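Q: Could you take a close look at one part of this model for me? I'd like to know how two neighbouring parts of the chain meet.

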Amino acid sequence: MFSRRRALFGVLSATVLITSLSQAGGQASGLETYRDASAPVDRRVDDLLRRMTLEEKAGQMTQIRVGKLRGDCQYANGPLRDDCMKTVLQDAHVGSILSGGGDFPVENTPRAWAETTNAIQKFALDHGRLKIPVLYGADGVHGHSNVVSATMFPHQIGLGATWDPALLEQLGQSTSRAMRATGVFWNFAPVSDVARDTRWGRYYETYSEDPYLAGTLAAANVRGQQSHVDDTAQLTATAKHFAGYSQPLNGHDRSPAQLPVRLLQDTFLPSFQAQFDAGVRTVMINSGAVNGVPVHASRFMPQTELRERMGFKGVAVSDWQDMRYLVDRYHVAPDYRAAIALSVNAGVDMAMEPSNAGEFTSLLLENVRSGAVSRGRIDQAVRRILRLKFDLGLFEKPFVDPSKANAIVDGADRALARSAASEGTVLLKNDGVLPLSSGVRKLVVTGETADDARRQLGGWTVEWQGVPDGYPIPPTATVLQGIREAVPAASVVHAPTVPLAVAEAASADAVIVVLGEKPGAEGPADTENPALTVEQQAWVDAVRATGKPVVVVLLTGRPQVLGSVLGANALVAGWLPGSEGGRGIADVLFGAVNPSGRLPVSWPKVVGDQPMSYDQLPGANGGPSSKYDPAFAFGHGLSYTTFATSGLSASAGTVRFSVANTGSRAGTFIAPVYVHQPVSPVLAPENRLVGFARVTLAPGEKRDVSVTFDLRQLAVTVGDVDASGKREVPRGSYEAVVGDARAGFVVR
Ligand code: NOJ
């Protein structure tokens with residue numbers, strides 16, 4: 001019964017595909033210019049725009065949640081319904097649909113995703129006067145992460161620890177391939193916000209506290225996502241959340257931020273610039289308020305900074321319901337109509353308006369008729385949206401082939417996921433117990449996260465708060481499983497309780513304790529106490545008291561304060577390592593992979609150390625707790641071999657040095673390159689990261705490396721307290737800093 005229904009659906013969707021291709025494919029003479037794939041995009045945009053009614057334009061500026069097209073036409077899941085689709089796609093002319101975290105089809109398979117997006121697309125094309133394709137978006141934040149059978153890559157914080165742009169590019173390609181196979185051509189990723197405060201529930205969604213590292217990795221990921229690797233339309237990535245989202249004053253998601261313009265420009269915006277330079281086509285606006293102004297109502301942020309200073313040319317989409325929140329949360333507009341005018345005039349081109357398409361478009365139209373929003377502004381926004389759709393190739397390739405989707409998505413790139421997990425694993429501390437010998441006889445594996453895939457996968461996995469209770473869990477190798485596979489001859493005892501772990505430890509060679517956090521996202525994942533719990537510390541204390549070597553693996557989305565756990569023989573940060581995390585971490589524990597991961601963030605010693613980052617500004621009056629004094633510093637990470645750098649020299653924009661592997665194992669060394677400015681016109685961090693080298697060396701091997709950087713990375717916003725000056729590179733003396741060595745250079 002099930003398979004007959006499936007077979008019938010397959011035939012239907014194949015028919016959809018063929019119809020569309022013949023519909024969109026031929027370039028017969030007499031085609032309107034906008035449908036002529038050989039015409040320049042600007043001409044296609046102009047041609048289409050002049051044919052559109054105001055109502056059709058308002059529809060293009062709307063993005064609606066897929067829930068409105070199916071089930072009860074509200075929030076309940078269910079099959080697509082023509083009557084719901086008519087309301088959204090035909091009556092309101094909506095041009096974009098999204099799946100928020102957890103908006104999957106009834107059957108959560110790649111094929112069902114492809115059939116759903118195809119059916120929506122078919123409805124839109126069949127019922128749209130001008131046959132403008134719909135652009136479908138979703139959060140593929142660590143792989144195509146709403147799809148239960150997809151491979152979940154490590155979350156961004158763990159990828160930040162790899163310091164490996166080439167890997168990020170590959171991961172971007174993989175995610176893009178999976179999403180495009182299901183007809184999703186807009187990925188709301190990567191996050192470009194810099195990590196600043198471990199209380200914040202979205203800390204794990206960032207790459208790094210450092211603007212250069214975050215931007216470099218985000219840009220590489222964008223290049224991967226937007227590269228064209230097969231015969232579907234292309235995909236657009238998103239730079240989010242523009243900007244100033246990641247340091248709410250009290251650490252709580254979307255609570256207001258206070259960010260002086262100098263801090264905003266010199267610390268929060270550069271990671272976005274890197275993505276713009278890499279050609280990202282869309283940005284998502286920050287839901288929060290900065291300096292007393294909700295960013296969705298600010299002209300300074302989406303206009304002055306985004307467009308005029310940073311040169312972004314693509315589409316700016318709102319975050320979830322954020323125009324409405326200008327009324328409901330922020331009280332800066334008396335009603336939704338006024339809020340829409342405020343936000344559209346501020347520069348937001350498309351509203352992610354999950355619930356009521358008709359209300360949004362009719363209020364937008366009222367605003368145009370009353371003169372509150374100009375027709376010119378509407379045309380500007382719609383022009384950007386149409387250009388995006390043309391650039392992606394959606395007019396030519398609006399559909400995908402559902403019969404290919406499962407094969408492309410299911411279990412794809414597991415080896416890549418495994419190496420991403422091991423590369424992102426940071427060896428924080430090691431008294432020599434690691435790597436464990438593969439000849440080990442007995443190991444005890446304990447801790448509440450040792451065999452818990454839901455915790456290992458984290459938030460934004462199937463649903464935004466993580467895999468819901470009772471829902472099928474994406475195929476995942478837990479740490480317990482990874483260890484069992486790594487040492488098949490050993491006795492690996494899983495001890496889910498403290499007494500059992502202590503009892504079993506007596507006859508074991510070592511104990512591995514795996515600790516983690518409850519999965520979550522956004523506000524629900526905020527915490528006032530970003531630390532291991534008393535119970536977790538007691539668990540480790542109890543097994544340490546047995547006298548056996550204790551290795552602690554931390555599967556956490558933030559560097560939690562460790563307390564007594566700092567005393568373990570070895571500490572391994574595995575972050576939220578995804579489907580292959582258990583194997584990737586076991587690769588490091590047993591030395592199949594020599595760890596190269598380095599902290600992309602500072603690891604605080606105590607909870608009060610917030611916000612914390614290595615680039616804090618100088619000036620504190622010298623008390624012991626006023627200095628940068630983390631448990632583990634930004635850039636820290638041990639290896640099973642030793643490296644030495646020597647021969648540092650520098651000129652403006654180039655730093656040269658040698659790296660030698662002075663130990664007995666092959667390994668990869670990441671050498672951060674910092675710049676220090678002895679005298680600066682405004683406060684500058686002691687050191688700023690401007691580049692890094694990755695060098696893989698055999699034992700005894702030595703290599704010369706040269707790291708180049710753009711002098712613009714040294715720019716600061718000059719001027720007085722009001723930051724009234726430009727961003728410019730101060731002339732004068734600087735020093736390049738690699739390890740303990742320094743070499744001077746001058747910027748003229
Ligand atoms: C809200 C989140 O802030 C954003 O990151 C996400 O892309 C959208 N919801 C869509 O799910």
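A: Here's a walk through the contact between domain 1 and domain 2, with some notes on confidence first.

This is a predicted model, where local features need pLDDT of at least 70, side-chain atom pairs count only at pLDDT 80 or more, and totals for chains, interfaces and linings use all residues. Residues are numbered from 1 along each chain as its sequence is written, and side-chain values use heavy atoms, with hydrogens and water left out.

On confidence: pLDDT is the predictor's own confidence in each residue, from 0 to 100. The chain averages 94, and 96% of the residues score at least 70. Keep an eye on residues 1-28, though: pLDDT stays under 50 there, and the model has 29 contacts beyond four places in sequence for that stretch (a contact being heavy atoms within 4.5 Å).

Now the domains. The assignment, which is automatic or taken from a database, gives domain 1 (50-408), domain 2 (413-609) and domain 3 (641-747). Going by C-alpha atoms, the centres of domain 1 and domain 2 sit 33 Å apart. Domain 1 puts 48 residues into the contact and domain 2 puts in 46.

How much area goes into that? Interface size is often quoted as the accessible area lost when the parts come together. Here, buried area is what two parts lose on being put together, with a 1.4 Å probe, summed over both. For domain 1 and domain 2 that's about 3500 Å², with 58% of it on carbon and sulfur atoms. On the domain 1 side, Val148, Thr198 and Tyr204 lose the most area to domain 2, together 15% of what that side buries.

As for polar chemistry, there are 29 residue pairs in polar contact between domain 1 and domain 2, both residues at pLDDT 80 or more. A polar contact is a pair of N or O atoms within 3.5 Å; within protein, one must be able to donate a hydrogen and the other to accept it, and residues adjacent in sequence count only if both atoms are side-chain atoms. The interface also has three salt bridges, a salt bridge being a side-chain nitrogen of Lys or Arg within 4 Å of a carboxyl oxygen of Asp or Glu. Arg202 forms a salt bridge with Glu522, their closest N and O atoms 3.7 Å apart.

Which elements give two or more residues to the side of domain 1 that touches domain 2? They're helix 6 (156-160) and helix 7 (165-181), helices being DSSP runs of H or I, at least four residues, numbered from the N terminus. Helix 7 provides the largest share of that side, five residues.
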